[in-house]
Amino acid sequence: MQSWIPFIPESASTESSKVDALYFYLSGVTVFFTLLIAGVIILFVVRYRRRTPFEVPRPIAGSHTLETLWSVIPFVIAMSIFAWGASLYFHQFRPPNNAVEVYVVAKQWMWKFQHATGQREINELHVPVGQKVKLIMASEDVIHDFFVPAFRVKNDVVPGKYTTLWFEATKPGTYHLFCAEYCGMNHSQMVGSIVVMNPTEFNNWLSGNVNQQSAASSGQQLYQTLGCASCHGNNGEGGRGPALLGVFNSNVQLATGQTIRADEGYLRESILNPQAKIVNGFGPIMPTFQGVVNEEQNVQLIAYIKSLGTQAAGAAGAPGAQGSPKPPVREPTK
Ligand code: CUA
C-alpha cells in the first residue's frame, strides 16, 4: 500500500491511457493559459504603471489582428477538446461486438454479477486480461453508478432500463469498484473489486465454479415455469405469441408499422410492459410480468431468448452472434 495519494489512479485498461491523454491535454491548456494570463497581468502592472501623478495614457483605437487572433485561437482549441472528447465518448459507449457479456444487477447495497457461462459473484468480478468485457447493467431499486477508476470507465445503472459499459483490462491485479451515485444509507459501502487474471488462471477459476447454471438455462426454466411456452411455443417457435427463435437483434415489425431492433432493452420492455410495442399480426393479449420477475430473472429470460437466436443462426454457442434471421412470417391469428 502506498501512503501517498497518487496524482492519477493506476492505469489498467486500454481506455485509461486515452482518457489520461485527454485529461493531460485539458490540464496543459489550462496551465498554459493560467500562466500566460497571470504573467501578462504582472508584466503590464509593472510596465504600464503610473509614473507621474498627472500622467495621461496614450489612446488606442483597437486592433483587428489581435481581435481575430484571440477569437480564432480559442475557437480552434475549444473545438479540438470537443472533437477529441466526443470521439472518446463514442468509443467508450459503443461496446465492441466481440466482447464477452457479463450481467450486472445493482441493488441497495451490492453488486451482483453473472457470467454468460453461469458463474455468479457478489461484489467481486473476475475477468481475464486482454479480453473485451461488455457489462449489461440493471438496477433493482434506485440509480447506482458503476465506476472503476483504474479502467477509467463509469456509467449509471438506472432502474427501468439497461445501460452498458465495456472495458479491456491490460494488467492482472485487483481494482476498486465503486458506486458513484448516492443511493441511500449504505452507499459508501457499495464497493467491490474487479479481479483481473491471466487467461489460464481465469479459466481455472471459471472451471472451479462450473456447477452453476448458466443464465440461459436458468432463463429456460423460468420460461417453462412462468408459462411463456403456452403462447411462444415450447422452444420459442411461436404460437399465439410471436416466435422467439432468432428474434434477438433482428428487426421486428410492430402493429404501428414501425420497425424496431429487438435488442436487450426491447426484450426487457416486452416482458414488463407487453402492451408498449405490439408485434404486427398479434393481439395485445400478453399479461405484464412487472412484479413477477425481478431484474435478475429478466436478465436470465433474455439470455435464454438470445441463446435461441444463436441456435437459429446455426452458430450455437458463438458469443454475441449478430445478424440472426428474422422470425418466420406469421398470419394474424384470430
Ligand atoms: Cu449504489 Cu451508491
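**Figure 1. Aromatic pairs and charges placed over rings.** In this predicted model, the count of aromatic pairs comes to 14. One aromatic cluster is formed by Phe 7, Tyr 23 and Phe 24. A pair of aromatic rings is described by the distance of the centres and the angle of the planes. Rings also take part in another kind of arrangement here, since the charged end of Arg 268 sits over the ring of Tyr 162, at 5.7 Å from its centre. In a similar way, Lys 154 lies over the face of Phe 147, 5.8 Å from the ring centre.

**Figure 2. The open sheet of five strands.** The five strands of this open sheet follow the order β3-β2-β1-β5-β8, and their pairing is mixed. At the edges stand β3 (120-122) and β8 (163-168), each of which pairs on one side only. On average, and with direction ignored, neighbouring strands of this sheet are turned by 25° against each other. Strands of a sheet pair through backbone hydrogen bonds, either parallel or antiparallel. Strand β1 (residues 100-107) and strand β5 (residues 132-139) run parallel and are joined by seven bridges, with Val 100 standing opposite Val 133 in β5.

**Figure 3. Arg 120 in an edge strand.** Arg 120 lies in strand β3, which is one of the edge strands of the open sheet. With a relative accessible area of 36%, Arg 120 is partly exposed. Its side chain is joined to that of Glu 296 by a polar contact of 2.9 Å. Arg 120 and Ser 214 are 94 residues apart in sequence, while their C-alpha atoms are 9.1 Å apart in space.

**Figure 4. Strand β6 and its two partners.** Four of the five residues of strand β6 (residues 144-148) are buried, so this strand is largely enclosed by the rest of the structure. Five bridges join β6 to strand β7 (residues 153-157), and the two run antiparallel; Asp 145 has Asp 156 in β7 as its bridge partner. Four residues lie between the strands of this hairpin, where Arg 152 takes a positive phi near 60°. Strand β6 also pairs with strand β9 (residues 173-179), in the antiparallel sense and over two bridges, and here Phe 146 stands opposite Cys 179. Asp 145 forms a salt bridge with Lys 154, in which the closest N and O atoms are 3.7 Å apart. Asp 145 counts as buried because its relative accessibility is 2%, whereas Lys 154, at 39%, counts as partly exposed.

**Figure 5. Salt bridges between parts distant in sequence.** Side chains of opposite charge can pair when their charged atoms come close. The count of salt bridges in the model is 12, and one of them joins Glu 10 to Lys 171, with the closest N and O atoms 3.3 Å apart. Because Glu 10 lies in the segment before α1 (16-47) and Lys 171 in the loop between β8 and β9, this pair ties together parts that are 161 residues apart in sequence. Glu 10 is partly exposed, at 44% relative accessibility, and Lys 171 is partly exposed, at 34%. Another salt bridge, of 3.9 Å from N to O, is formed by the side chains of Glu 101 and Lys 134. This pair links strand β1, which holds Glu 101, with strand β5, which holds Lys 134, across 33 residues. Both Glu 101 and Lys 134 are buried.

**Figure 6. A salt-bridge network and helix α6.** A network of salt bridges links Glu 101, Lys 134, Glu 264 and Lys 306. Glu 264 is among the buried residues of α6, which also include Tyr 266, Leu 267 and Arg 268. Seven of the nine residues of helix α6 (residues 264-272) are buried, so the helix is largely enclosed by the rest of the structure.

Technical notes: Residues are numbered from 1 along each chain as its sequence is written. This is a predicted model: local features need pLDDT of at least 70, side-chain atom pairs count only at pLDDT 80 or more; totals for chains, interfaces and linings use all residues. Side-chain values use heavy atoms; hydrogens and water are left out. Two strands pair if DSSP finds at least two bridges between them. Axes are lines fitted to C-alpha atoms, for helices over the stretch in contact, and angles run from 0 to 180 degrees between N-to-C directions. Buried means under 20% relative accessible area, exposed over 50%, partly exposed in between (1.4 Å probe, protein chains only). A polar contact is a pair of N or O atoms within 3.5 Å; within protein, one must be able to donate a hydrogen and the other to accept it, and residues adjacent in sequence count only if both atoms are side-chain atoms. Rings of Phe, Tyr and Trp (its six-membered ring) pair if their centres lie within 6.5 Å; planes under 30 degrees apart count as stacked, over 60 as edge-to-face and the rest as tilted. A charge sits over a ring if NZ of Lys or CZ of Arg is within 6 Å of the ring centre and within 35 degrees of the ring normal. A salt bridge is a side-chain nitrogen of Lys or Arg within 4 Å of a carboxyl oxygen of Asp or Glu.
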